[in-house]
Amino acid sequence: QVQLVESGGGLVQTGGSLRLSCAASGGTFSSRAMGWFRQAPGKEREFVAAISRSGGNTYYADSVKGRFTISRDNAKNAVDLQMNNLKSEDTAVYYCAARSTYYSSVYYNHINAYDSWGQGTQVTVSS
């Protein structure tokens, strides 16, 4: 399995921007579709964005569409999440995840389709 480490979280004001990064190691990164999920206090973990193995296809939750952008660099074994126009409801721990090769792109937002997870990075948006 691939090991994942997130970075880039922090405290930002409403309307601000953050860029999260996820570094992968220990596997064939380019063979894995990737996703970002988040979990707010007292809530279930939810899908945020996903990207195909080549980076040619991206998917977003309706709540972040137009504000967040997912990208990947297979040469650097990294996937990023650029977050703009942040809102208080974006406050959460953000997790990077690698989707199991068993699941097709149809399952891009299914949490159980992802079998490798990072430790998470906290994003706090204050007004």
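In this predicted model, strand 9 (residues 92-99) and strand 11 run antiparallel and are joined by three bridges. Within this pairing, A92 has V123 of strand 11 as its bridge partner. Strand 11 also pairs with strand 2 (residues 10-13), here in the parallel sense and over four bridges. In that second pairing, the residue of strand 11 that serves as bridge partner of Q13 is S126.

Strand 11 itself spans residues 121-126 and presents two faces. Its covered face carries T121, V123 and V125, whereas Q122, T124 and S126 lie on the uncovered one. In a regular strand the side chains alternate between the two faces of the sheet. The bridge partner of A92, V123, thus belongs to the covered face, and the partner of Q13, S126, belongs to the uncovered face.

A further group of four strands forms an open sheet with antiparallel pairing, in the order 1-3-8-7. The edges of this sheet are strand 1 (3-7) and strand 7 (68-73), each of which pairs on one side only. On average, and with direction ignored, neighbouring strands of the sheet are turned by 15° against each other. At one edge, strand 7 is joined to strand 8 (residues 78-83) by six bridges, and the two strands run antiparallel. Along this pairing, T69 stands opposite Q82 in strand 8.

Aromatic side chains were examined next. The structure holds nine aromatic pairs. One of these is formed by Y103 and Y107, whose rings are arranged edge-to-face, with 5.2 Å from centre to centre and 70° between the planes. Both residues of this pair are partly exposed: Y103 has a relative accessible area of 29%, and Y107 has a relative accessibility of 34%. These values place both tyrosines in the partly exposed class because buried means under 20% relative accessible area and exposed means over 50%.

Ring pairs also link F37, F47, Y59, Y95, Y108, Y114 and W117 into a cluster. Two members of this cluster, Y95 and W117, are further associated with the side chain of R45. This arginine lies over the face of Y95, at 3.7 Å from the ring centre. R45 likewise lies over the face of W117, in this case at 4.9 Å from the ring centre.

Methods
Residues numbered from 1 in each chain as written. Predicted model: local features only at pLDDT ≥ 70, side-chain atom pairs only at ≥ 80, totals over all residues. Heavy atoms only, no water. Buried < 20%, exposed > 50% of the residue type's maximum accessible area, 1.4 Å probe, protein only. Pairing = 2+ DSSP bridges. Phe/Tyr/Trp six-rings, centres within 6.5 Å; stacked < 30°, edge-to-face > 60°. Lys NZ or Arg CZ within 6 Å of the ring centre and 35° of its normal. Axes fitted to C-alpha atoms, helices over the stretch in contact; angles between N-to-C directions.
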